[in-house]
Number of protein chains: 4
Amino acid sequence: MTGERNEKKAAIAATAVRLFTERGFHGTPTSLIAREAGVSNGTLFHYFPTKEELINSTYYEIKSRMAEEIGRGGDAERTNRERMRRLWRSAVLWGVDHPDEYMFVQQFCSSPFVRRLPPEEFLKDAPAVYEALTETLGTTCLKGMPVEVAFSVITSPIDAVVRSLIESGGDLDADRLIAASFEIVWRGLTEE
Amino acid sequence: MTGERNEKKAAIAATAVRLFTERGFHGTPTSLIAREAGVSNGTLFHYFPTKEELINSTYYEIKSRMAEEIGRGGDAERTNRERMRRLWRSAVLWGVDHPDEYMFVQQFCSSPFVRRLPPEEFLKDAPAVYEALTETLGTTCLKGMPVEVAFSVITSPIDAVVRSLIESGGDLDADRLIAASFEIVWRGLTEE
Amino acid sequence: MTGERNEKKAAIAATAVRLFTERGFHGTPTSLIAREAGVSNGTLFHYFPTKEELINSTYYEIKSRMAEEIGRGGDAERTNRERMRRLWRSAVLWGVDHPDEYMFVQQFCSSPFVRRLPPEEFLKDAPAVYEALTETLGTTCLKGMPVEVAFSVITSPIDAVVRSLIESGGDLDADRLIAASFEIVWRGLTEE
Amino acid sequence: MTGERNEKKAAIAATAVRLFTERGFHGTPTSLIAREAGVSNGTLFHYFPTKEELINSTYYEIKSRMAEEIGRGGDAERTNRERMRRLWRSAVLWGVDHPDEYMFVQQFCSSPFVRRLPPEEFLKDAPAVYEALTETLGTTCLKGMPVEVAFSVITSPIDAVVRSLIESGGDLDADRLIAASFEIVWRGLTEE
DNA sequence: AATGAATGAGTGTTCATTCAT
DNA sequence: AATGAATGAACACTCATTCAT
C-alpha cells in the first residue's frame with residue numbers, strides 16, 4: 001500500500017511494451033497482454049480505460065526512456081561538435097541495441113490514428129540535444145526555421161542508419177557508417 | 001480472356017489503394033473494398049487469396065507510381081548536381097501533394113509484419129535516381145557502402161521535410177526548406 | 001433459392017420471439033438466439049445488423065400477429081356494440097392464451113429505449129377495430145380527441161383484465177370479468 | 001449507531017432512484033450509482049447484497065412516494081364522487097409531472113424478472129384511494145371481484161391518459177382528457 | 001468466373017460481485 | 001463499517017475466409 005503501489009499497472013505496461021513491440025498494435029489483443037502480465041482482463045481496463053490509451057502510455061514510456069538514455073552523459077564533451085557527435089552515436093546505438101522498441105516507436109509515429117496527437121515533444125525530454133542543436137543552428141542555412149523542423153531534418157539520417165544496421169544483421173561496419181553519416185550532416189551544416 | 005481480363009481485378013486494386021490510404025490497413029475491411037469496387041466479396045478473394053497479398057500489391061502499386069512520377073523528366077538537367085536537386089525537389093513535392101499515399105507507404109514500411117518482405121527495390125523503379133546517385137557516391141565518405149544504404153541515408157531528410165510540411169499545414173516556406181535541406185546534404189557529400 | 005428464401009432469417013426471428021418472451025431482452029444474448037436457431041453467430045448479424053433491430057423486428061412481428069388474430073372474424077356481428085364486445089373479448093382471450101407474447105409486447109412498450117420509435121400504428125393493423133371505434137367515438141365525450149388517444153384510453157382496461165387473469169392463475173371468473181369491464185366502458189361511453 | 005445510521009444507505013438509495021429513473025435498470029451500472037452517491041463500490045454491496053435488491057428497494061420507494069403524494073388531501077372532498085375525481089386527477093398529474101419516475105414504475109411492472117414478486121400492495125399505501133373505492137364498488141357490476149382486480153381495471157385508463165399526455169408533449173387538452181376519462185369510468189360504474 | 005450467404009474464432013469492453021486491508 | 005483493487009464470465013459485434021450454386 002506504500003512503495004510498490006502500481007505493481008500491477010507497471011506489469012501491464014511492461015508487458016504491453018514487449019508485446020506491441022514483438023507483434024504490433026493490431027496483432028496484440030488486450031487479453032494476451034493481461035494474461036502475460038499475470039492479471040485479469042478486467043484489471044487491464046481498470047488501469048487503462050482503452051486499448052488506445054494503453055498504446056499511448058506505452059509509447060510515451062519508451063520515448064522517455066529512449067531520450068533519457070541517449071542524452072545521458074552528453075554534457076561531458078567540450079566542443080559542440082563533440083557533443084553532437086556523441087549524441088549521434090548514442091542515438092544510433094540505442095536503436096541498434098533496442099531494435100524492437102525502436103521499431104515500435106517508428107510504427108507508432110506512422111500509425112494513421114496517431115496523427116492527431118499533440119506535436120512531438122521529443123526535444124523537451126532531451127535537453128542536452130536541444131542545447132547542442134540550437135547552438136549549432138544559428139549559423140546555418142536552416143537559420144530561422146522552427147527548431148523542431150530543423151531538428152527532424154538534421155537527425156533523420158540517424159533513422160536510416162539504424163534501419164540499415166538492423167536489417168544488415170551485422171554485416172555493415174557500424175562505426176564507419178555512424179561516422180560517415182555524421183560527417184555529412186555536420187559538414188553540410190557548418191562548411192562555408 | 002484478353003481485353004477485359006483484369007477489369008475487376010484492377011477495380012479492386014484501385015479501390016484498395018484509395019481505402020487503405022484513407023483509413024489504414026486495419027481500418028479497411030475486405031468487404032468494404034469489395035463493395036466500393038462494385039464486386040462481390042468472393043471475387044476479391046478470387047483475385048487476391050489473402051488480405052495480406054492485397055496489401056502488398058497495393059503497396060507496390062503506389063510505390064511504383066511514386067517512383068515513376070518523381071523520376072519523370074529528371075534526365076533533362078545537365079550537371080549531376082542539378083539532376084539531384086531536381087529529384088530532391090520532386091520527391092518532396094510528391095509527398096506534399098499526396099500526403100495520404102505518402103503516409104501509407106511510410107505506414108507500410110514501419111509495419112511489423114512487413115519486415116519479412118524482400119529488401120526494398122526502390123532504386124530499381126527509379127533509374128534516374130540510381131544513376132545520379134552512383135555517380136555522386138564514388139567520391140564521398142560513403143564510398144564502399146552498399147548503394148541502398150547510402151541511398152537511404154542520403155535521402156532520409158526528404159522524409160523529415162515532407163512530414164514537416166504536411167504537419168505545418170502551409171505555414172512553412174517550402175521552397176526554402178527544400179533548398180536548405182538539399183544544400184546540407186550535397187555540401188556534406190561533396191565538400192572537401 | 002426461390003420460395004424458401006429467408007429460411008434462416010425466419011428461424012432467427014422465431015427463436016428470438018421465443019427467447020425474448022421467456023427471458024426478456026437483456027436476459028437473452030444474441031449468441032443464444034443464434035445457437036438455438038441453428039445458425040452461426042455471424043449469420044444473425046448478417047440479417048439483423050444490431051440486437052436492437054432484432055428486437056424491433058420481433059416486436060412488430062408479434063404485434064402484427066396479435067392484431068390480425070384479434071381482428072379476425074370481427075365483421076360478422078351486426079350491431080356496433082356487438083362488434084366491440086367481440087373484439088374486447090378476443091383481445092383479452094388472446095392475452096390470456098399467449099401470456100408470454102403479451103407480456104413481451106408490454107415489456108417492449110415500457111422499455112426506455114423504445115420511446116423514440118415512431119408512434120404506434122396498432123390501429124393500422126386492425127381495421128375492424130378502427131372502424132368499430134370511430135363509429136362509436138363521434139357521440140361520446142371523447143369527441144374531437146385524436147383517435148389513437150381515445151383508443152388507448154378506452155381499451156386500457158383490457159390490459160388490466162389480462163394481467164389480472166394471468167396472475168390469478170385461473171381463480172377468477174374470466175367471462176364475468178370480461179363482460180363487466182366491457183359494460184363499464186361501453187355504458188360510460190354511450191349513456192346519456 | 002443510531003443517528004447517522006442510514007446516511008450512506010440513504011444516499012445510495014436516493015441516487016439509485018434518480019439514475020434508474022433517468023437511464024433504466026440495465027443502463028445503470030452499480031459502480032455509477034456508488035460513485036454518484038459518494039461511496040465506494042463495496043459499500044453499495046454492503047447495504048444491498050444484490051443489484052436486484054437495490055432495484056426492488058428503489059421501486060418501493062418511488063411507489064410509496066407516488067401513492068402518498070397522490071392521496072394527499074384526498075379526504076377533503078365531501079362526496080365520494082368528488083373524492084374519486086380528485087384522486088383521478090391527482091394521479092394523472094403526478095404522472096405528467098414525473099414522467100421518468102412514472103415510466104420507471106411501468107418498466108418495473110412489465111419487467112420479466114419481477115413477476116415473481118409478492119402481489120401489488122399499492123392500495124395499502126393509499127388508504128384514501130382504498131376507501132373511496134370500496135365504497136363505490138359495492139353497487140356496481142364488479143361487485144364481488146377482489147378489490148385489487150377491480151381497482152386495476154377501473155384505474156387503468158389513468159395510465160393511458162398519462163402516456164398520451166407525455167407523448168403529446170403538451171398538444172393535448174389535459175383537463176378535458178382527464179375529465180372525459182373519469183366521466184366514462186364513473187358513469188360506467190354508477191349509471192343504471 | 002462470379003456471387004454472396006454462411007461461418008466462427010476473435011476483439012475490445014462492461015459490470016456485478018468478492019475480498020484483503 | 002468502509003474501501004476500491006481485482007476478478008473473469010459475458011456480451012455485442014467484426015471480419016477474413018470458405019463454398020455451394
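In this tour Ala, Val, Leu, Ile, Met, Phe, Trp, Tyr, Cys and Pro count as nonpolar, Asp, Glu, Lys and Arg as charged, and the others, Gly among them, as polar. The model is predicted, so that local features need pLDDT of at least 70 and side-chain atom pairs count only at pLDDT 80 or more, while totals for chains, interfaces and linings use all residues. Residues are numbered from 1 along each chain as its sequence is written, chains are lettered from A and ligands numbered from 1 in the order in which they are written, and side-chain values use heavy atoms, with hydrogens and water left out.

**First stop: DNA strand E**

Select DNA strand E together with the residues near it, a residue being near if one of its heavy atoms lies within 4 Å of the strand. By class, this surface holds 7 nonpolar, 16 polar and 4 charged residues. Of the 27 residues around the strand, those that come nearest are T43(B), H46(B), Y47(B), T43(C) and Y47(C). Colour the strand by sugar, phosphate and base: of its atoms within 4 Å of the protein, 68% belong to sugar or phosphate, and the rest belong to bases.

Next, show the backbone atoms of three residues, and look for polar contacts, meaning pairs of N or O atoms within 3.5 Å; within protein, one atom must be able to donate a hydrogen and the other to accept it, and residues adjacent in sequence count only if both atoms are side-chain atoms. At T30(A), a backbone N or O atom lies 2.9 Å from a phosphate oxygen of DNA strand E, and at S40(C) a backbone N or O atom is 3.1 Å from a phosphate oxygen of the strand. At G42(B), by contrast, the partner of the backbone N or O atom is a base nitrogen of DNA strand E, at 3.0 Å. The elements that give two or more residues to the surface near the strand are α3 (41-47) of chain A, of chain B, of chain C and of chain D, and the largest share, 5 residues, comes from α3(B). Helices here are DSSP runs of H or I with at least four residues, strands are E runs of at least two, and both are numbered from the N terminus.

**Second stop: chain A**

Isolate chain A, which has 10 helices and 0 strands. Of its 192 residues, 48% are buried, where buried means under 20% relative accessible area, exposed over 50% and partly exposed in between, with a 1.4 Å probe and protein chains only. Among contacts (heavy atoms within 4.5 Å) with a separation of 6 or more in chain A, 65% are between residues 24 or more positions apart.

**Third stop: aromatic pairs**

Rings of Phe, Tyr and Trp (its six-membered ring) pair if their centres lie within 6.5 Å, and planes under 30 degrees apart count as stacked, over 60 as edge-to-face and the rest as tilted. By this rule there are 32 aromatic pairs over all chains. Select F20(A) and F104(A), whose ring centres are 6.3 Å apart and whose planes meet at 10°, so the pair is stacked. F20(A) belongs to helix α1 (residues 7-23) of chain A and F104(A) to helix α6 (residues 99-110) of chain A, 84 residues apart. F20(A) is buried, with a relative accessible area of 0%, and F104(A) is also buried, at 0%. Extend the selection to F25(A), Y59(A), Y60(A) and F108(A), which form one aromatic cluster with F20(A) and F104(A).

In chain D, W88(D) and F182(D) form an edge-to-face pair, 5.7 Å centre to centre with 65° between the planes. W88(D) lies in helix α5 (residues 80-97) of chain D and F182(D) in helix α10 (residues 174-190) of chain D, so the pair ties together parts that are 94 residues apart in sequence. Both W88(D) and F182(D) are buried.

Staying in chain D, pick T21(D) in helix α1 (residues 7-23), a buried residue with a relative accessible area of 12%. Not counting residues up to four places away in sequence, T21(D) touches A16(D), I62(D), D100(D), E101(D) and F104(D).

**Last stop: the copies**

Copies are superposed by least squares on the C-alpha atoms of residues with pLDDT of at least 70 in both. Chain D can be laid on chain C with an RMSD of 0.3 Å by a turn of 179° and a shift of 0.1 Å along the axis, and the two copies are thus related as by a two-fold rotation axis. In chain D, the C-alpha nearest that axis is that of G188(D), 2.0 Å from it. Of the interface residues of chain D, 100% are also interface residues in chain C, so the copies meet through the same surface.
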